[in-house]
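This report follows the salt bridges, the contact between the chains, and a few local features of strands and helices. The sequence and structure come before the description.

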Amino acid sequence: MSRAYRLRISESLKRVVHAEDHVSTQLEMLEILPAEQMAELLEQELSRRGFAKKDDVLVRSSNGVTVEVDPCSATVKVKAEGQESLSLTAETSAVADREWNKELAAKAKGQAAQELKIKLENQAREKVKALQRKITAKLEGELTDVRKELDQAINRVTADALKQKAAQLGQIKEVTEDPQTGSMTIVLEV
Amino acid sequence: MKTVSPFEARMLRLLQLMLQPGPALAPTRAKGDLARPPCLSRAAVELVQDHLSKGVIHLIARQGWQHERYLRGEQIRLGRLWERSDVADLPLVFSRHALELLCRVAAQPAELEDFDPPPSEWTVADRLLLLFAYRSLQRTEVSKNLVRLQVWREDGLFQLMFPEEVSEQPVEIDWAPWTGGLGSCILEAWQAALTQRWLEVAQTRVQWTNTTKMQAQGNHQGRILDSFLAALERVGRWDLAQFLLRFFGEVLARQPTGANWIGALNVSQMRLSDRSQIYRAALVPLAGLTKLQAWQQQARSIGYFEEGYAASQLWKSLWETQRGDELCAHAERIRREVEPLG
């Protein structure tokens with residue numbers, strides 16, 4: 001007469017998962033001065049705003065969001081990344097029979113363990129998706145401010161370039177800037 | 001009165017269908033497939049010749065009747081197609097592949113499976129007939145075999161007329177048949193049809209939700225556009241891109257905001273970087289404006305005694321007529337609206 005018994009099986013999964021998102025664009029800079037000089041002005045302006053130079057690229061990180069600007073090509077990349085340590089466990093049981101030999105018992109245990117692993121992998125995938133959504137939402141939340149700041153930087157660079165250009169043409173008598181409208185008037189004596 | 005066999009009658013009916021000016025309904029398949037005979041009768045061949053010589057000319061005349069300006073060498077010519085060029089310079093020569101195509105289309109669909117002559121053997125007139133065949137049989141089983149032909153996949157005019165037919169493998173597009181000689185005159189005549197087709201394609205994509213499909217087709221259309229504009233630059237025929245200016249003017253009037261281009265796409269679960277790629281694919285047609293604007297800037301700098309002066313004058317005139325600068329500004333506003341960091 002067979003006597004059934006339960007096999008308890010547990011599996012665990014430990015790993016670090018990463019998620020990343022980024023967007024990039026090209027800044028529109030008028031070529032008031034030669035490209036190298038415009039790049040230099042952009043670099044100076046961004047340095048004033050807390051960007052640090054790293055391998056020909058200006059970088060600034062805050063709140064887990066990194067902004068990279070290449071002053072030569074005027075390309076901007078904004079990225080957010082994050083990671084999470086996963087520690088998942090799951091348990092299940094399988095019914096075995098005392099009249100089974102060791103092979104049969106091991107096979108039942110193996111099948112149950114395999115199902116548990118699949119379940120844990122599915123859970124891990126959902127965690128990665130959730131982390132990705134979180135990173136994307138964080139990036140989206142920062143973009144408006146980053147765009148606004150870059151526009152301000154470009155306007156500043158344009159104004160500085162215009163002043164330099166004007167100085168090449170003649171003697172600057174007066175410079176008036178309206179911060180509200182963003183307009184600038186340069187009076188020049190030629 | 002000429003007498004033909006049932007197969008030849010079917011073939012002639014299909015040819016008449018292909019040569020109809022507007023969209024036509026494909027004939028229903030005959031009850032029982034008609035087996036292709038080993039040889040066509042003299043009467044059938046003469047009727048095919050008659051149909052082609054009159055029907056194709058009629059279709060070209062219907063497309064090319066408008067008074068328009070195009071280049072002829074270093075001069076700008078105004079007039080209808082047959083006024084801009086000497087008729088003797090517009091010979092339509094059909095090769096044996098034209099008749100072979102008609103026979104195979106009239107026979108069982110399987111007859112087309114092993115029919116794939118090298119593109120170099122297709123004349124401009126053959127290619128035009130193939131275009132008419134596809135247009136009239138687009139919703140039938142036969143069309144699937146037509147788009148597998150090597151000449152179809154490589155031909156510039158086919159790709160421009162049907163940019164929604166994405167090739168499984170990207171191939172190098174051959175623009176040579178359509179950027180010189182008779183082919184360029186045909187391309188001039190087909191400008192209005194091309195504008196209409198591109199508008200139809202853009203209109204269809206407004207309702208798409210599938211991002212994979214949008215990206216595939218957008219990238220495909222982008223390749224066609226880049227390749228076409230580069231070919232026109234090489235031969236100095238900017239004027240052959242007139243249909244694009246009209247297309248941009250019309251499409252931006254119908255789809256004035258970013259939401260009109262991407263609104264239906266299901267991107268809420270996607271990463272921003274993936275969304276950007278999808279949006280760029282959706283806006284691919286507008287990217288062509290950047291190249292046309294570069295031509296305009298180049299045209300402004302060409303002096304009276306320089307080569308390409310006539311081409312530059314014509315382009316500047318076309319650009320101003322279609323308000324190219326306004327179109328560029330409008331396209332840029334849409335791009336900034338759509339880009340996450342725009």
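Counted over all chains, the structure, which is a predicted model, holds 40 salt bridges. One of them lies within chain B, where the side chains of B:Lys2 and B:Glu46 meet at 3.3 Å, taken from N to O. B:Lys2 belongs to the segment before helix H1 (6–18) of chain B, whereas B:Glu46 sits in helix H2 (residues 42–63) of chain B, so this pair ties together parts that are 44 residues apart in sequence.

Salt bridges also occur between the chains, and across the interface of chain B and chain A the rule finds 4 of them. In one such bridge, the side chain of B:Arg271 meets that of A:Glu20, with N and O 2.6 Å apart. Polar contacts across the interface of chain B and chain A amount to 8 residue pairs, with both residues at pLDDT 80 or more. On the side of chain B that touches chain A, the elements that give two or more residues are helix H14 (272–282) and helix H17 (324–338) of chain B. H14(B) supplies the largest share of that side, namely 5 residues. Sorted by class, the side of chain B that touches chain A has 7 charged, 4 polar and 4 nonpolar residues.

In terms of contacts, 18 residues of chain A are in contact with 15 residues of chain B. The area buried between the two chains is about 1300 Å², and carbon and sulfur atoms give 50% of this area. Within chain B, the residues that lose the most area to chain A are B:Arg271, B:Leu272 and B:Leu341, which together account for 54% of what that side buries. B:Arg271 thus appears both in this group and in the salt bridge with A:Glu20.

The strand pairs of both chains can be set side by side as follows.

| Strand pair | Bridges and direction | Residues between the strands | Residue with positive phi |
|---|---|---|---|
| E3(A) and E4(A) | 5 bridges, antiparallel | 2 residues | A:Asn63, near 55° |
| E4(A) and E5(A) | 6 bridges, antiparallel | 4 residues | A:Ala74, near 60° |
| E1(B) and E2(B) | 5 bridges, antiparallel | 2 residues | B:Gly73, near 70° |

In chain A, strand E4 (residues 65–70) is joined to strand E3 (residues 57–62) and also to strand E5 (residues 75–97). The register of these pairings can be read from individual residues: A:Arg60 has A:Val67 of E4(A) as its bridge partner, while A:Thr66 has A:Lys79 of E5(A) as its partner. In chain B, where strand E1 (residues 68–72) runs antiparallel to strand E2 (residues 75–79), B:Glu68 stands opposite B:Gly79 in E2(B).

How far apart are the end C-alpha atoms of helix H11 (residues 211–235) of chain B? They are 36 Å apart, which agrees with the span of 36 Å that its 25 residues should have at 1.5 Å a residue. At the N-terminal end of H11(B), B:Asn210 acts as the cap, with a side-chain oxygen 2.9 Å from the backbone nitrogen of B:Thr212. Just after H11(B), B:Gly236 adopts a positive phi of about 70°.

Notes:
Residues are numbered from 1 along each chain as its sequence is written. Chains are lettered from A and ligands numbered from 1 in the order in which they are written. Side-chain values use heavy atoms; hydrogens and water are left out. Contact means heavy atoms within 4.5 Å. Buried area is the accessible area (1.4 Å probe) that two parts lose on being put together, summed over both. A polar contact is a pair of N or O atoms within 3.5 Å; within protein, one must be able to donate a hydrogen and the other to accept it, and residues adjacent in sequence count only if both atoms are side-chain atoms. Ala, Val, Leu, Ile, Met, Phe, Trp, Tyr, Cys and Pro count as nonpolar, Asp, Glu, Lys and Arg as charged, and the others, Gly among them, as polar. The expected span of a helix is 1.5 Å times one less than its number of residues. Two strands pair if DSSP finds at least two bridges between them.
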